[in-house]
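Here are some short exercises to work through with the model open beside you. Try each task before you read its solution.

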Amino acid sequence: MAHCILRIAIDTPLNSLFDYGWPHEEGVPPAVGQLALVNFGRREVVGLIVEIAQETEVPADKLKNAIAVRSQLSPLSPQWLALAGFAADYYQRPLGEVALPGVPKNLRVSTTVALDRALKKMAKLPPPGDPAPVGMPPLNDEQGEAADAIGGAQGFTPLLLYGVTGSGKTEVYLQACAQVLARDPQAQILILVPEINLTPQLEGNIRARFPGLMLATLHSSLSEGERMLHWLAAHQGQARIVLGTRLAILASLPHLQLIVIDEEHDPSYKQQEGLRYSARDLAVWRARQLGIPIVLGSATPSLESWHHAFTGRYRKLELRERAVRDAVLPSVRLLDMERDKPKDGLTGGLLAALRLRLERGEQSLLFLNRRGYAPVITCEACGWISNCTRCTSFMVLHKPEHRLRCHHCSLELRIPRHCPTCGNVDLQPLGRGTQRFEEGLSAMFPDARILRIDADSTRKKGSAQEAFDTVHRGEVDILIGTQMVAKGHDFKKLTLVGILNPDTALFSQDYRASERLFAQLMQVAGRAGRAGLASEVLIQTRYAQHPLYAAVVRHDYDRFAMNLLEERHQAALPPYMYQALLRAEAPELATAIAFLEEARDMLPTDVVTINDPIPMTMTRVYNVDRAQLLVESPSRPALQAFLKEWLSLLRALKSRVRWSLEVDPLDI
Ligand code: ADP
Ligand code: ZN
Ligand code: ZN
């Protein structure tokens with residue numbers, strides 16, 4: 001007979017918990033929040049104890065006993081379990097699928113060798129050190145007010161730190177952290193950044209400021225061994241500051257007192273596969289649950305957060321000026337490509353500005369969100385074009401790698417010597433990516449040190465960091481890159497930003513495209529002139545009259561955001577509407593659509609609008625056709641209640657069509 005029943009969450013797509021017996025009379029009894037090793041199917045897996053019960057509906061002869069409980073590890077707190085529970089509920093996924101990936105892999109294996117070794121190592125660490133900060137620069141008035149507002153906030157307090165690029169938001173975070181750490185000898189702080197490439201810079205700042213404290217980082221490029229050590233340091237309260245990317249939102253932090261979300265508007269906070277959660281939204285929930293302050297920082301807040309600040313749910317803190325003395329925001333100018341015809345993609349105006357920087361020994365950054373050499377190659381004789389055979393997309397020319405590549409299914413081909421349909425040997429690249437600009441610039445400025453930073457140039461581990469270091473050391477004259485270089489970096493010698501081809505995003509079907517483009521332009525523009533050198537931003541465009549560019553020229557986020565919110569209100573779009581997206585994929589589009597039509601008609605409702613299924617804009621990826629169905633409601637609780645019931649019906653269908661649901665989708 002079992003002594004007690006362990007109800008265990010296991011990482012499976014099945015929407016249920018599983019009961020196991022625990023027959024041992026002796027020893028410390030298991031506790032909720034502990035990890036346990038169990039037999040599941042034919043495997044041994046580690047699950048999470050979420051309840052300890054006396055009875056089970058599993059018949060006695062079917063009930064298996066748990067193999068072992070990881071009693072050397074203190075249990076995850078009820079608050080942490082509640083966070084995982086909320087995420088599972090809100091995003092409509094099973095608890096195990098949410099909670100267990102939040103725990104390092106090395107803890108989810110059948111042996112405890114790695115865990116025991118890590119715990120031994122941890123026990124030898126010096127006790128949590130002195131929280132006293134060193135080298136704190138005096139803050140300006142606005143910074144000081146913001147730091148005090150954050151550091152002194154009591155209870156759940158969401159604060160929107162709206163500060164222009166270079167206004168010294170980092171310094172505000174650090175000094176607010178210092179206040180929190182000084183007040184409570186156990187306090188822990190979680191700081192999230194959107195992009196892994198931004199962690200080294202901030203990590204350096206934090207270590208320099210708090211040399212006596214333990215800092216743990218959590219992001220995807222840690223080895224499993226490192227991840228476990230860092231996770232344990234947070235879980236055991238030794239790490240006082242945890243710095244990470246979105247996945248760190250699920251870190252176990254028993255004494256969490258403050259959360260900082262830097263660049264809160266960044267779409268990278270949204271996970272785009274599996275559990276499609278928003279780390280920013282979960283962070284706000286976590287702060288409310290714990291009754292602690294949370295800071296959302298940005299020069300271009302998301303419209304969701306801006307709306308909350310506007311309606312008074314978030315407190316707005318504003319930094320209007322750049323922090324470094326004499327540093328002013330760069331002047332922004334449009335280069336009209338209709339008048340100043342570009343040569344090799346570069347207008348005369350931009351070339352002149354580049355030349356001037358080279359003469360002065362200052363750095364330039366050219367921004368283009370398109371990697372590769374050319375987005376497509378074509379045969380002018382017969383009209384053949386390099387389509388991907390598996391996707392609704394083109395094969396992109398990667399010249400240095402001598403390949404055509406599909407960026408969606410990773411199909412790779414050698415560059416054809418002649419046209420596959422008519423045999424013409426003169427195949428032409430159409431359009432320009434970063435590689436082609438790099439080539440053109442090298443020809444035009446043979447003596448300049450030119451560096452390209454994009455996903456292709458930084459494939460090797462550590463190479464991105466190396467590239468950024470080269471720029472910081474001043475060993476680069478012209479940097480050309482994708483959004484990787486646009487965010488957060490504090491390049492001191494940069495005085496020119498050229499934006500090469502932003503126009504395509506103006507006419508996107510995605511209603512969020514203009515919000516994103518604006519944020520991106522302001523971000524990349526914000527890399528210029530941070531150390532007090534006069535600087536400018538040049539935008540090459542064929543639509544010089546477009547109001548979005550006018551707002552960028554004026555650095556006028558306020559008015560731009562107000563107008564966009566007004567438009568969203570008129571059109572009944574988020575943040576005035578709550579949405580969820582059901583996606584289906586099948587070898588034939590008709591199958592996916594038929595499934596979605598069935599889903600559409602399943603659960604009649606008056607409070608939720610169920611739209612008709614439509615093919616996704618990029619319909620086919622890797623030989624699979626994809627379609628989607630949007631459901632929406634002005635009431636979040638109504639939408640949540642509907643989704644719960646709807647999903648249980650959908651799961652019961654046992655359809656062979658692959659489907660998934662995303663709550664609060666970003667791309668629709
Ligand atoms: P943001 O994140 O707001 O774009 P940063 O935090 O990167 O800006 O700060 C921009 C620059 O200003 C950095 O070089 C930083 O060291 C400097 N800085 C910040 N606060 C101050 C201050 N109070 N006095 C002098 N320099 C400052
Ligand atoms: Zn041809
Ligand atoms: Zn493809």
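**Exercise 1. Find how the donor residues of the zinc ion (ligand 3) are spaced in sequence, then describe the site.**

Step 1. Along the sequence, the donor residues of the zinc ion (ligand 3) follow the pattern C-x2-C-x14-C-x2-C. Before going on, note that this is a predicted model, in which local features need pLDDT of at least 70, side-chain atom pairs count only at pLDDT 80 or more, and totals for chains, interfaces and linings use all residues. Residues are numbered from 1 along each chain as its sequence is written, chains are lettered from A and ligands numbered from 1 in the order in which they are written, and side-chain values use heavy atoms, with hydrogens and water left out.

Step 2. Cys-388 (SG), Cys-391 (SG), Cys-406 (SG) and Cys-409 (SG) are the protein donors, lying 2.3 Å from the zinc ion (ligand 3). Donors are N, O and S atoms within 2.8 Å of the metal (3.2 Å for Na, K and Ca); water is not among the atoms, so sites may look incomplete.

Step 3. The angles among the four donor atoms are 105 to 114°, and the site is tetrahedral (four donors with all angles between 85 and 135 degrees). For comparison, the ideal angle for four tetrahedral donors is 109.5 degrees.

Step 4. Cys-391 sits in the loop between strand E15 (376-379) and strand E16 (396-398), and Cys-406 in the loop between strand E17 (403-405) and strand E18 (412-414), so the pair ties together parts that are 15 residues apart in sequence. Strands here are DSSP runs (E, at least two residues) and helices likewise (H or I, at least four), numbered from the N terminus.

Step 5. Cys-391 is buried at 7% relative accessibility, and Cys-406 is buried at 3%. Buried means under 20% relative accessible area, exposed over 50%, and partly exposed in between (1.4 Å probe, protein chains only).

**Exercise 2. Which residues coordinate the zinc ion (ligand 2), and at what angles?**

Step 1. The zinc ion (ligand 2) is held by Cys-379 (SG), Cys-382 (SG), Cys-419 (SG) and Cys-422 (SG), at 2.3 to 2.4 Å.

Step 2. The spacing of these donor residues is C-x2-C-x36-C-x2-C.

Step 3. Angles of 102 to 114° among the four donor atoms make the site tetrahedral.

Step 4. Now check accessibility: Cys-419 is buried at 1%, whereas Cys-422 is partly exposed at 38%.

**Exercise 3. Where is His-555 found, and what is its phi?**

Step 1. His-555 is in the loop between helix H14 (547-553) and H15.

Step 2. Its phi is near 55°, a positive value in a residue other than glycine. Most residues other than glycine have a negative phi.

Step 3. With 24% relative accessibility, His-555 counts as partly exposed.

**Exercise 4. Apply the steps to Tyr-622: buried or exposed, or partly exposed?**

Step 1. Locate Tyr-622 in the loop between strand E26 (614-621) and strand E27 (624-633).

Step 2. Phi of Tyr-622 is near 50°, again a positive value in a residue other than glycine.

Step 3. Tyr-622 has a relative accessible area of 45% and is partly exposed.

**Exercise 5. Which residues does the cis peptide bond join?**

Step 1. The bond joins Pro-574 and Pro-575, with omega about 5°.

Step 2. Pro-575 lies in the loop between helix H15 (557-570) and strand E24 (578-586).

How values were computed:
Four donors count as tetrahedral if all angles lie between 85 and 135 degrees; four count as square planar and six as octahedral if opposite donors are over 155 degrees apart and all others between 65 and 115; anything else is irregular.
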